[in-house]
Amino acid sequence: MAGEENAMTFAQWSGFISLLLIAGVLWQIRQLLLLLFASVVLANGLNHLSHWFQRRGVKAQLSIPLAVIVLLLALVMVVALIIPPFVDQFQELLTLVPASIDDTLRWLRKIARAIDPELTPLLPNWQQITAQIRPILQELAGNGLGLFYSTLGLPLTLLLLIVLSLMFLANPRAYRQGFIRCFPAFYRERIDSILNQSEVLLEDWLRLIVVSGVVVTVTTWLGLVLLQVRLPLALALVAGILVVIPNIGLLISLVPAMAIALLDNPWKPLLVLVLYGLINYFEFHWITLQCMGKPRPILRGVLLLAQVFFVSVFGLFGLWLAVPLTLVGQVLVKEILITDILDRCQRSQGPEETKKGKPSQINIVMARDSQG
C-alpha cells in the first residue's frame, strides 16, 4: 500500500515536471507559435474570401488562387500609396515643423503678455525645446541601425506567414485533425467544439475589421479633403489599416495626420484631432455596436490590459494580434478552465464530502466522459 502511494506520488511529480518542461519549451518558441496563430487567422480570412468568390460563380479550384492574388494586390497597392508620399513629405516636415512650432510659441507669448507680463519668461522657446529633445533623438539615432536590421526580417516573416497560410488553406481538415489528436481520446470531441466556437468569433472579428476599415478610410479621406490636409488618401489608408488595433490605433494614425496638417497651419492639427475623435466615436457606436448586430465580446478595459500583456510577451507583433488572441483566450478560459475543470470539481465534490475527507470524484466523471 505504501509502495502504491509512493508510485502515485512519483507519477504526480513526473507529470508536474513534464508540464514545467513543456511550458518552458513553449515560452522559448512563443514567436513561432504567434506566427502559426497569425497564419491560421490569415488562412481563415482567405477561406472566407474564397467562399465569397464561390458564391458568385467562381469555381472552387480558382477561388483560392484568386483570393491570394487579391490579397497580394491589395498589399502592393497600399504600400505604393502610403510609403512614397510620406518619404517626399518627410524632408519638408523636418524643415517646416520647427518654424510652425516657433510661430505657435510666439503667438502664445503674445497671449501671455496680454494676460500677465510675468508669464512670458515661463514659456520656452524653440532652442530650449530642442535642447530637451536632442537626447531623445540621439538615443533613437543610436538604435536606428538595430531597428534597420530588425526591419530586414519583416519581408521574410510576411513571406513565411503567407506560405504557412497557403499550406493551412490547401488542406485545413488534416491540420485540424492533427491538432485534435494531440489531446486524449475522451476530450477530442470537446476540443473540436471549442475550435468551432473560436472560428465563429474570428469570423465575426474579420468581418468587423473589413467593414470598419472601409468606413474609417472613406470618412477620414473625406474629412481630410474638406480640411485641405495634404496626402488625404495615404493618411486615410493608415487610419483604416490601424483599425485592427483598437484603443491605440487611433492615436498612432493621428500622429502623422497632425504632423502633415502642421505644415499648413498651426491651428489645423486641432481640427484633425476633432475629426479623428468624431470618426472614432462613429466607428465604435454605429459600426461595432450597431451594424454588427451583437455587442462586443470583449470589454474595452480587458482588451487594453490584454494589449499591454501581449506586447510585453510577443513584442509589436502581439499588438496587431491582441484582439484575436484575446477572443480565443476568452473561449479557452471559459470552456476549459471554468466549465470543464472548476464547474466539474464543484459538482463532483460537495462541501460535506470535503469536510469528511472523502476523495474527489473528478476521476469518475472523466471516466464516464471517456466511456461516453
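The following questions and answers concern the packing, aromatic pairs and salt bridges of a predicted model.

Me: Which helix supplies the largest share of the largest nonpolar core?
Reply: The largest nonpolar core has 31 residues, and those with the most contacts inside it include Phe37, Trp205, Phe310 and Leu325. Helices that each supply at least two residues of this core include α2 (30-55), α7 (188-226), α11 (300-314) and α13 (322-348). The largest share, six residues, comes from α2.

Me: Which residues does Val323 touch, not counting residues up to four places away in sequence?
Reply: Val323 is one of the residues with the most contacts inside the largest nonpolar core. Trp205 is also listed among those residues. With residues up to four places away in sequence not counted, Val323 touches Trp205, Val244, Pro246, Ile298 and Leu303.

Me: How many residues has the other core that lies apart from the largest one?
Reply: Apart from the core of 31 residues lies another core, which includes Leu235, Val243, Ala257 and Tyr276. Its size is 17 residues.

Me: How many of the 10 residues of α8 are buried?
Reply: The buried residues of α8 are Ala234, Leu235, Ala236, Leu237, Val238, Ala239 and Gly240. Helix α8 is therefore mostly covered, given that buried means under 20% relative accessible area. Of its 10 residues, the number buried is seven.

Me: What is the geometry of the pair formed by the rings of Phe168 and Tyr175?
Reply: A search of the whole structure finds six aromatic pairs. In the pair of Phe168 and Tyr175, the ring centres are 5.0 Å apart and the planes stand at 80°. Planes over 60 degrees apart count as edge-to-face, so the pair of Phe168 and Tyr175 is edge-to-face.

Me: Is Tyr175 buried, partly exposed or exposed?
Reply: Its ring partner Phe168 has 16% relative accessibility and counts as buried. Tyr175 has a relative accessible area of 41%. Because partly exposed lies between 20% and 50%, Tyr175 is partly exposed.

Me: Which residues form one aromatic cluster with Phe310?
Reply: The rings of Phe309 and Phe310 have centres 5.3 Å apart and planes at 65°, so this pair is edge-to-face. Phe309, at 48% relative accessibility, counts as partly exposed, whereas Phe310, at 12%, counts as buried. The residues that form one aromatic cluster with Phe310 are Phe309 and Phe314.

Me: At what distance from the ring centre of Trp27 does Arg30 lie?
Reply: Arg30 is placed over the face of Trp27. Its distance from the ring centre is 4.1 Å.

Me: Which residue offers the backbone oxygen that the side chain of Ser165 reaches?
Reply: Ser165 is found in helix α5 and, at 0% relative accessibility, counts as buried. Not counting residues up to four places away in sequence, Ser165 touches Ser39, Leu42 and Ala43. Its side chain reaches a backbone oxygen at 2.7 Å, that of Leu161.

Me: How many residues apart in sequence are the parts tied together by Asp340 and Arg190?
Reply: The side chains of Asp340 and Arg190 meet in a salt bridge at 3.0 Å, N to O. Asp340 is buried, with a relative accessible area of 7%, whereas Arg190 is partly exposed, at 22%. Asp340 lies in helix α13 and Arg190 in helix α7, so the parts tied together are 150 residues apart.

Me: What is the N to O distance in the salt bridge of Arg207 and Glu203?
Reply: Arg207 and Glu203 are four residues apart in helix α7, about one helical turn. Arg207 counts as partly exposed at 39% relative accessibility, and Glu203 counts as partly exposed at 26%. Their side chains meet in a salt bridge with an N to O distance of 3.3 Å.

Me: Is Asp204, which meets Arg207 in a salt bridge, buried or exposed?
Reply: The side chains of Asp204 and Arg207 meet at 3.1 Å, N to O. Both residues lie in helix α7, three residues apart. With a relative accessible area of 17%, Asp204 is buried.

Me: Which residues are joined into one network by salt bridges that share partners?
Reply: A search of the whole structure finds six salt bridges. Those that share partners join Arg176, Asp192 and Glu199.

Terms used
Residues numbered from 1 in each chain as written. Predicted model: local features only at pLDDT ≥ 70, side-chain atom pairs only at ≥ 80, totals over all residues. Heavy atoms only, no water. Core = buried A, V, L, I, M, F, W, Y, C linked by side-chain atoms within 4.5 Å. Buried < 20%, exposed > 50% of the residue type's maximum accessible area, 1.4 Å probe, protein only. Contact = heavy atoms within 4.5 Å. Phe/Tyr/Trp six-rings, centres within 6.5 Å; stacked < 30°, edge-to-face > 60°. Lys NZ or Arg CZ within 6 Å of the ring centre and 35° of its normal. Polar contact = N/O pair within 3.5 Å; in protein donor to acceptor, adjacent residues only side chain to side chain. Salt bridge = Lys/Arg side-chain N within 4 Å of Asp/Glu carboxyl O.
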